[in-house]
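Reader: Hey, got a minute to walk me through this one? I'd like to start with a strand detail and then zoom out.

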Amino acid sequence: MTTPTRAGVALTSTPGNATDNHVMSNDGRTAILIKNTGSTVARTVTFRFARKVDGQAVTSRTASLVAGEQKLFGPFDVQDYGAKMQIDVDHAELTLTPIKL
């Protein structure tokens, strides 16, 4: 988890893992920078909801990033996404950089 400072801080990214997926600490003031490092294909990231509505699972939120695109997502409500947020990627071309706001 990278915490910004006024002096600046280097970002540390993690390559995506489409098999094991990812878990990120989330306190409601957490964001994640995701980059598609590929050059030809759009890739998908999935943010899993931690809670159910009326006992029913809620469809996960997905986002697509075209080749070379990067997007900053968040913050994520702890009640919706949980303190240990689950993030799935469809390919290792997606890199993830969690950021503490």
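Reader: Quick one to begin: which residue in strand 10 does Thr14 stand opposite?

Author: That would be Leu96. Bear in mind that this is a predicted model.

Reader: Noted. How many bridges hold strand 1 and strand 10 together, and in which sense do they pair?

Author: Two bridges, in the antiparallel sense. Strand 10 there covers residues 94-100.

Reader: And how many bridges join strand 3 to strand 10?

Author: Seven, and those two strands also run antiparallel. Strand 3 spans residues 30-36, and within that pairing Lys35 stands opposite Thr95 of strand 10.

Reader: So what's the strand order in the whole sheet?

Author: The order is 1-10-3-8, an open sheet of four strands with antiparallel pairing.

Reader: Which ones are the edge strands?

Author: Strand 1, at 14-15, and strand 8, at 70-73. Each of them pairs on one side only.

Reader: Back to strand 10 for a sec. Is it mostly covered or mostly open?

Author: Mostly covered: six of the seven residues in strand 10 are buried.

Reader: What about the chain overall, what share of the residues is buried?

Author: Buried residues account for 32% of the 101 in the chain.

Reader: Changing topic: how many helices and strands are there in the chain?

Author: One helix and 10 strands. Going from the N terminus, the elements read β-β-β-β-β-β-β-β-α-β-β.

Reader: Why call the chain as compact as a globular protein of that length?

Author: Its radius of gyration is 14 Å and the globule rule gives 13 Å for 101 residues, which is close, so the chain is as compact as a globular protein of that length.

Reader: I'm picking a box for a simulation, so what are the rough dimensions for the C-alpha atoms?

Author: Roughly 40 × 35 × 20 Å, taken along the principal axes.

Reader: How much accessible surface does the chain have?

Author: About 6,100 Å², and carbon and sulfur atoms own 49% of that.

Reader: Charges next. How far apart are the mean positions of the positive and negative ones?

Author: They sit 6 Å apart, with 11 positive and 9 negative charges in the chain.

Reader: Last thing: of the contacts between residues at least 6 apart in sequence, what percentage join residues at least 24 apart?

Author: That's 76%.

Key:
Residues are numbered from 1 along each chain as its sequence is written. This is a predicted model: local features need pLDDT of at least 70, side-chain atom pairs count only at pLDDT 80 or more; totals for chains, interfaces and linings use all residues. Side-chain values use heavy atoms; hydrogens and water are left out. Two strands pair if DSSP finds at least two bridges between them. The radius of gyration is taken over C-alpha atoms; the globule rule is 2.2 Å times the number of residues to the power 0.38. Buried means under 20% relative accessible area, exposed over 50%, partly exposed in between (1.4 Å probe, protein chains only). Contact means heavy atoms within 4.5 Å. Accessible areas come from the Shrake-Rupley method with a 1.4 Å probe; for residues, only the protein chains shown count as cover. Lys and Arg count as positive and Asp and Glu as negative; His and the chain ends are not counted. The place of a charge is taken as NZ of Lys, CZ of Arg, CG of Asp or CD of Glu.
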